Amino acid sequence: MMKFRDELVGKNVIDESGDKVGEVEDIEVDLMKRRINGIILKEGGISSKLGLGEERMVSMDMIEAIGDEIRLRKLGRTM
């Protein structure tokens with residue numbers, strides 16, 4: 001899982017409209033079940049440039065695709 005983490009951290013996260021909403025800060029792992037629950041998203045925008053960007057957990061069921069970037073199915077405030 002650490003290899004998978006290293007491949008994801010720093011990737012851009014794109015919403016369903018094609019806008020960058022942030023980047024992967026870390027992953028959320030359930031060690032007992034040996035599975036990844038989601039990604040920790042560091043939100044983008046002007047606040048992140050000032051070091052004020054928020055972190056949010058995005059569950060795996062909200063992720064549509066993982067490639068050069070991570071594409072979300074939808075982005076809501078209740079992640």
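1. Glu23 has Lys42 of β3 as the residue standing opposite. The model is predicted, and this pair belongs to the antiparallel pairing of β2 with β3 (residues 35-43), which is held by 8 bridges. Further along these two strands, Val29 has Ile36 in β3 as its bridge partner.

2. Val29 itself is found in strand β2. Its relative accessibility is 27%, so Val29 counts as partly exposed, the range for that class lying between 20% and 50%. Arg5 is 24 residues away from Val29 along the chain, and the C-alpha atoms of the two are separated by 9.7 Å.

3. The link between β2 and β3 deserves a look at the backbone. The two strands form a hairpin with 4 residues between them, and Arg34 lies in this loop. Arg34 is not a glycine, yet its phi is positive, at about 55 degrees. With a relative accessible area of 69%, Arg34 is exposed, because the class begins over 50%. A reviewer may wish to inspect the backbone of Arg34 with that positive phi in mind.

4. A second hairpin is formed by β1 and β2, with 5 residues between the strands. Here the positive phi belongs to Gly18 in the turn, at about 90 degrees. The strands β1 and β2 (residues 20-30) are antiparallel and share 3 bridges. Within that pairing, Val13 is matched with Gly22 of β2 as its bridge partner.

5. On its other pairing, β1 (residues 12-14) runs parallel to β6 (residues 70-72), over 2 bridges. Ile14 stands opposite Arg71 of β6. Both senses of pairing are thus found around β1: parallel with β6 and antiparallel with β2. In general, strands of a sheet pair through backbone hydrogen bonds, in either the parallel or the antiparallel sense.

6. Taken as a whole, the sheet is open and has 6 strands, in the order β4-β3-β2-β1-β6-β5, with mixed pairing. The edges are β4 (55-59) and β5 (63-66); each has a single partner strand, so one side of each is left without a neighbour in the sheet. On average, neighbouring strands of this sheet are turned by 35 degrees against each other, direction ignored.

7. At the β4 edge, β3 and β4 run antiparallel and are joined by 5 bridges. Leu41 in this pairing stands opposite Arg56 of β4. Arg56 also takes part in a side-chain polar contact of 3.4 Å with Glu54.

8. What is the setting of Glu54? Glu54 has its place in the loop between α2 (46-49) and β4. Its relative accessibility of 43% makes Glu54 partly exposed. Leaving out residues up to four places away in sequence, Glu54 touches Leu41, Lys42 and Glu43. For Leu41, which is 13 residues from Glu54 along the chain, the C-alpha separation is 8.1 Å. Two of the residues named earlier return here: Lys42, which is opposite Glu23, and Leu41, which is opposite Arg56.

9. For the chain overall, the count is 2 helices and 6 strands. Read from the N terminus, the elements follow the order α-β-β-β-α-β-β-β. Buried residues account for 29% of the 79 residues. The accessible surface is about 5400 Å², and carbon and sulfur atoms contribute 47% of that area. Of the contacts between residues at least 6 apart in sequence, 28% join residues at least 24 apart.

Definitions and conventions: Residues are numbered from 1 along each chain as its sequence is written. This is a predicted model: local features need pLDDT of at least 70, side-chain atom pairs count only at pLDDT 80 or more; totals for chains, interfaces and linings use all residues. Side-chain values use heavy atoms; hydrogens and water are left out. Two strands pair if DSSP finds at least two bridges between them. Axes are lines fitted to C-alpha atoms, for helices over the stretch in contact, and angles run from 0 to 180 degrees between N-to-C directions. Buried means under 20% relative accessible area, exposed over 50%, partly exposed in between (1.4 Å probe, protein chains only). Contact means heavy atoms within 4.5 Å. A polar contact is a pair of N or O atoms within 3.5 Å; within protein, one must be able to donate a hydrogen and the other to accept it, and residues adjacent in sequence count only if both atoms are side-chain atoms. Accessible areas come from the Shrake-Rupley method with a 1.4 Å probe; for residues, only the protein chains shown count as cover.
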